[in-house]
Amino acid sequence: MPKGRVSRIDTDIEHSGRAKVIDYITKKYGAESVCRIVTFGTMAARMVLKDVARVLDYPTSWANSLAKLVPEEPGMTLVKALDKNPELKEKAANDPDVARVMEVATKLEGNKRHASQHACGLVIAPGSVSDYLPTSMEKDNETGDRSLTSQVTMTEVEDLSLIKMDLLGLKNLTAIHEVIDTVKRTRGIDTTYEDLPLDDRETYKMLSKGITGGVFQLEGGGMTNNVIIPMLSDIDTLPDSQMHECFERLIAAVALYRPGPMDYIPNYIEGMKDSSTIHYLVPELESILKPTYGVIVYQEQVMQIVQKLAGYTLGRADVVRKAMGKKKHDVMAAEKIVFIHGNKKAYDSGKDKNYAPGCVANGIPEAIAEEIWAQMEKFASYAFNRSHAACYAWLANITAYMSCHWAPEFYCAMMNAFEDVGDKVKGYMALAVRRGIKILPPDINKSSDRCVVEDGCIRLGFHNLAYLDKFSHLIAQEKAKNGPYADFQDFYERLTDFGKKPSKNVLESLIFSGALESFGLNHNQLVSMIPLIEKDYKKSLANRQLGQLTMFSPAEMKIKAPEVKEFTDQYLMEKEKTAIGFYLTKHPVDEFFASGQADGCTPITVIVSDDTKCARMVTTVGLIRDLRTVYTKAKQEEMFLFTAEDRFNEIPCVLFPKHVAANKHRLMNGALVKIVGEFVYDEQRGPQIIVQSLTDPGSSNHGSLGSITVTIHNREEQEEILKFARENPGTVVLKLLAKDKVYQTNRAIRLTPAVLDFLQERFSKVEV
């Protein structure tokens, strides 16, 4: 470690063991010397508008509609939003209410809103921590407990020269360990995750097809389509001797897919496929950037550049890396001068202890040095260090291998690891089903507390059922101790004797989930038996407690099930959804995706479970539920709200007045429709689709309105058009024409007359 570096320890650990690690550190160094770190929620652009509007007594719906005009982008501010959204600018100029809220919100934006504990930060002091920094008792968002917490942030902790540890708990690590344990039971494979190969062709073939669900760091739609598929497009022809390159590509993928570096993903992939396209600003950069095809990918490369081009020491290079990563503008401004012109005067006068001659002194033109610095600044703001990216890529490879070769065990473990994140569980279930893995209903004598693999299928656990969060482990524990449950009455009596009387909600959840079907009774019979069993238990409780004998045999003492007809199929489907949270046995959407007509369609469950919250165009198929007609306040125009659902999940949809005439005839509760629209995410309302068209599921139109080809002549124009496409997502595919060759991007834009005018003004040639 460089002598001048301030020490900080970052480590990712298994989520289930994180509390043990914190407890160990607390005991080792003393409770008085260890505390958590505070983090402050700030008034971001959208939130501050809502807060100000609420305090000024404006309606919540009005505040939400105003906040939606602020684009969802990293680092977005109200000033930037006015420039990016003409509608917001127009309202702020002409609507007194909007102007009033904007004026106050702009002044408050960025201020602290509330305090909480940092997700993984920990401070260790050489003595009582309160002797070194102010503390308070703050709530842990995960456990709900309050514990000693610093009142200064993580960067300020470092400035005070205290040791700061980042202990990030990864649920994926928990899943990896579970898979290793499970395959030993199900397949007789005794291995460790360290033994899994990094060059398995089948694994990379799977990834090249876009099958990335559950794979650490790679499962998002943007990462899959824009990085992984293009990066592994040559997997079928890649020689065995070069298979090791695939893991290097994963390392680069993890580092590249973030704001800043992601604009150069096309350059990386192009350089990977054709080395003649790689350009170095100065020859000295080749040895540093050749492994990444001329693109700055890692923080270590920034350090190497300032060392090789400007003569920095290793310690000073690390200061630059850190200043860029933390956006310390004062440090960056000073170091930029040193990088370009050196610090000879400061060094000779004793003001600076580390001499750096600078780029100009080393024969590099000032303009080129400026350009290199600008590139480094852009990349380093979000770049990973290579060691970090390599570790994450290793976990990506491990989880990808498990998904490829042990899919049932893998998805079962992921469902267990994220059992408290409902959308994630449903997402992994949907992925498992799409890969031919059957999801079995819970069974009172076969299920466990959590999901288990059974004959290549995944059996749901009791924890997945409604109302059973406090009962699931007790059911499994009693069964393990005293054997299988003989019948419904035996189950009720044993669990009640165990000290936990199951409520009607618990029993109905088990019944309608299918967990009690092995008792040989229909659902209506089981429901009808609940009051009879409860009454009999109370009646016989005194005799059992006294050990009093009876003249009747156990069989004669059993409650007989009433002879009643089964509930209707529709009723059972709805009750099943209530109990499990989704339709397990069947759903009309499944038939569509199984019909081979689903090309270009993304399942609703995948859309909802994707962590990517940026606006984008989507095409999906769903069943219409909860259809409602509403009217706009201004013109009283008709519009519609409804929920679209598939077997595992649902998403709210909005059909605005301008699209009503063309789509109204397809709006009907229970109708199966193909939906094309814009996915948007609102902090209060969550995800929803702004519908543009509703068609018959058999339609081959996936909502594309053609393509637009923009001619570019240099990297700056490429950056500009890609940035514009990110900010204006739509349905028109963007193609780039460069050096007489057309490149189809993975982006689509919203094409309006104003947008077309803008593009034709900025670029030499635009063809629609």
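The dialogue below goes through a predicted model and asks how its descriptions follow from computed values.

Biologist: How do you know how much confidence the predictor places in the protein chain?

Modeller: The protein chain averages a pLDDT of 86, and 92% of the residues score at least 70. Residues 700–705 have a pLDDT below 50, although this stretch has 14 contacts in the model beyond near neighbours in sequence.

Biologist: Why is the protein chain called as compact as a globular protein of that length?

Modeller: The radius of gyration of the protein chain is 30 Å, and the globule rule gives 27 Å for 768 residues; the two values are close, so the chain is described as being as compact as a globular protein of that length. Along the principal axes, its C-alpha atoms fill a box of roughly 105 × 70 × 65 Å. The protein chain contains 32 helices and 18 strands, and 48% of its 768 residues count as buried.

Biologist: How do you know that the length of helix α19 agrees with what is expected of its 20 residues?

Modeller: Helix α19 covers residues 386–405, and at 1.5 Å a residue it should span 28 Å; its end C-alpha atoms are 28 Å apart, so the two values agree. The buried residues of α19 include A389, Y392, L395 and M402, and the buried residues of this helix pack against several elements, among them β1 (9–14), α8 (171–186) and α20 (407–417).

Biologist: What makes the span of α8 agree with its number of residues?

Modeller: The 16 residues of α8 should span 22 Å at 1.5 Å a residue, and because the end C-alpha atoms are 22 Å apart, the values agree. Among the buried residues of α8 are L173, I176, V179 and V183, and the buried residues of this helix pack against β1, β6, α19, α20 and β8. After α8 comes G188, which has a positive phi near 70°.

Biologist: Why is D263 called buried?

Modeller: Buried means under 20% relative accessible area, and D263 has a relative accessibility of 7%, so D263 counts as buried. D263 sits in the loop between α11 (244–256) and α12 (265–273), and, leaving out residues up to four places away in sequence, D263 touches K378, Q718, L722 and R726.

Biologist: Why is D455 called exposed?

Modeller: The cut-off for exposed is over 50%, and D455 reaches 77% relative accessibility, so D455 counts as exposed. D455 is in the loop between β8 and β9, and, although not a glycine, D455 has a positive phi of about 55°.

Biologist: What makes D740 exposed?

Modeller: D740 has 81% relative accessibility and therefore counts as exposed. D740 lies in the loop between β16 (729–738) and β17 (741–749), and its phi is near 65°, a positive value in a residue other than glycine.

Biologist: How do you know that C601 is not bonded to C653?

Modeller: A disulfide needs two cysteine sulfur atoms within 2.5 Å, and the sulfur of C601 is 13 Å from the closest cysteine sulfur, that of C653, so the distance is too far for a bond. C601 is also buried, because its relative accessible area is 9%. The structure as a whole holds zero disulfides; C391, for instance, is in no disulfide, and its nearest cysteine sulfur, that of C120, is 16 Å away.

Biologist: Why is C391 called partly exposed?

Modeller: Partly exposed is the range between the 20% and 50% cut-offs, and C391 has a relative accessible area of 45%, so C391 is partly exposed.

Biologist: What makes β7 and β8 edge strands?

Modeller: β7 (439–440) and β8 (452–454) each pair on one side only, in an open sheet of three strands with the order β7-β9-β8 and mixed pairing. β7 and β9 (residues 457–459) run parallel and are joined by two bridges, and I439 has I458 as its bridge partner in β9.

Biologist: How do you know that β10 pairs with β13 and with β11?

Modeller: Pairing requires at least two bridges. Eight bridges join β10 (residues 616–631) to β13 (residues 672–682), and these strands run antiparallel; in β13, I675 is the bridge partner of T620. Seven bridges join β10 to β11 (residues 638–645), also in antiparallel fashion, and I624 has A644 as its bridge partner in β11. The hairpin of β10 and β11 has six residues between the strands, and Q636 in this hairpin takes a positive phi near 55°.

Conventions: Residues numbered from 1 in each chain as written. Predicted model: local features only at pLDDT ≥ 70, side-chain atom pairs only at ≥ 80, totals over all residues. Heavy atoms only, no water. Helix = DSSP H or I, 4+ residues; strand = E, 2+ residues; numbered from the N terminus. Buried < 20%, exposed > 50% of the residue type's maximum accessible area, 1.4 Å probe, protein only. Contact = heavy atoms within 4.5 Å. pLDDT = per-residue confidence, 0-100. Expected span 1.5 Å × (residues − 1). Rg over C-alpha atoms; globule rule 2.2 N^0.38 Å.
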